[in-house]
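Q: Got a minute to go through this one with me? I'd like to start with the strands and then look at some odd backbone spots.

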Amino acid sequence: MRLATFNLLHGRSLTDGLVDPDRLATAVAALDADVLALQEVDRDQSRSGNLDLTAVAAQALHATEHRFAAAVVGTPGETFRPLTHDDDGHGEPCYGVGLVSRHRVTAWRVTRLRPAPVRSPVYAPGPGGGLILLRDEPRVVLAAVLDTPSGPLTVAATHLSFVPGWNAHQLRQVVRALRQLPAPRILLGDLNLPAWATRTISGWHLLGRRPTYPAGQPRVQLDHVIADRQDFDRLPPVTAVQTPLSAISDHRPLLVDLGPAHPA
């Protein structure tokens with residue numbers, strides 16, 4: 001089984017600043033992931049052609065199961081609001097996380113996380129970028145219980161706050177929420193935390209140790225695939241870890257293979 005997490009930057013290329021759905025589909029297909037967690041995902045946003053980017057990714061992987069979970073209605077960095085309920089935002093631009101699986105999903109679970117109460121400086125890539133002071137937005141955790149050949153497996157996608165300390169608080173919340181679902185459990189996502197902090201705060205195993213950001217010359221690992229210690233021995237061993245350069249995003253995807261070598 002290949003697990004992957006990818007912060008899409010809503011499918012934008014840093015080369016030309018554009019979102020091309022064919023380029024996005026090609027980039028995702030190249031990952032050949034059985035389970036793919038996506039962050040910075042658009043749905044019905046004009047900047048990404050009003051597409052459902054999670055659905056584009058699922059089609060590229062020939063995956064039968066996929067879901068998008070909005071963190072906000074609107075566009076981060078511009079005008080946005082928290083969701084008032086899980087079905088809020090239909091027909092409006094939304095932004096959040098996605099989860100794609102080639103395995104059958106027997107249950108979905110959404111957990112919402114409050115934004116940090118303070119603004120924080122953030123580096124914005126690309127032309128006109130640099131350090132900007134942003135207010136945090138709400139975050140969301142999208143979990144699925146999979147029916148795999150090895151038995152039930154819980155996987156989850158999230159994108160935690162960029163505000164130091166608040167992301168640690170959120171990671172503890174995520175761990176508590178996921179422990180209500182069947183073990184083994186794997187969390188994939190952009191946690192905005194380095195590897196040592198992710199391991200210390202969560203108490204979970206790191207399945208891949210590679211820098212993922214910035215994409216051109218990665219220096220820090222913000223994107224992680226981690227597994228709960230409970231029933232960890234029921235997971236196949238890690239056989240490969242990759243962070244291939246992609247044609248989109250300012251992050252590299254993180255790929256973790258479990259079990260026998262993945263076919264080329």
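Q: How many residues of strand β10 are buried?
A: In β10, residues 151–159, 8 of the 9 residues are buried, so the strand is mostly covered. Buried means under 20% relative accessible area, exposed means over 50%, and partly exposed is in between (1.4 Å probe, protein chains only). Strands here are DSSP runs of E with at least two residues, helices are runs of H or I with at least four, and both are numbered from the N terminus.

Q: Before we go on, what kind of model is this?
A: It's a predicted model: local features need pLDDT of at least 70, side-chain atom pairs count only at pLDDT 80 or more, and totals for chains, interfaces and linings use all residues. Residues are numbered from 1 along each chain as its sequence is written, and side-chain values use heavy atoms, with hydrogens and water left out.

Q: OK, back to β10. In which sense does β9 pair with it, parallel or antiparallel?
A: Antiparallel, over 8 bridges, with β9 covering residues 139–148. Two strands count as paired if DSSP finds at least two bridges between them. Leu146 stands opposite Leu153 in β10.

Q: And how many residues sit between β9 and β10?
A: There are 2, and the two strands form a hairpin.

Q: What about β10 and β11, parallel or antiparallel?
A: Those run parallel, joined by 6 bridges. Ala157 has Leu188 in β11 as its bridge partner. From β10 the chain crosses through α3 to β11, a right-handed β-α-β crossover. Right-handed means that, with the strands pointing away from the viewer, the path from the first strand over the helix to the second runs clockwise.

Q: New topic: which residues does the cis peptide bond with Pro184 join?
A: That bond joins Ala183 and Pro184, with omega about -5°. Pro184 is in the loop between α3 (166–178) and β11 (185–190).

Q: And what's the partner of Pro214 in its cis peptide bond?
A: Tyr213, with omega about -10°. Pro214 is in the loop between β12 (205–206) and β13 (223–227).

Q: What's up with phi of His10?
A: Phi there is near 45°, a positive value in a residue other than glycine. His10 lies in the loop between β1 (2–7) and α1 (21–31).

Q: Why does His10 count as buried or exposed?
A: His10 counts as buried because its relative accessibility is 9%.

Q: And where is His62?
A: In the loop between α2 (53–60) and β3 (65–74). Phi of His62 is also positive, near 55°, but at 71% relative accessibility His62 counts as exposed.
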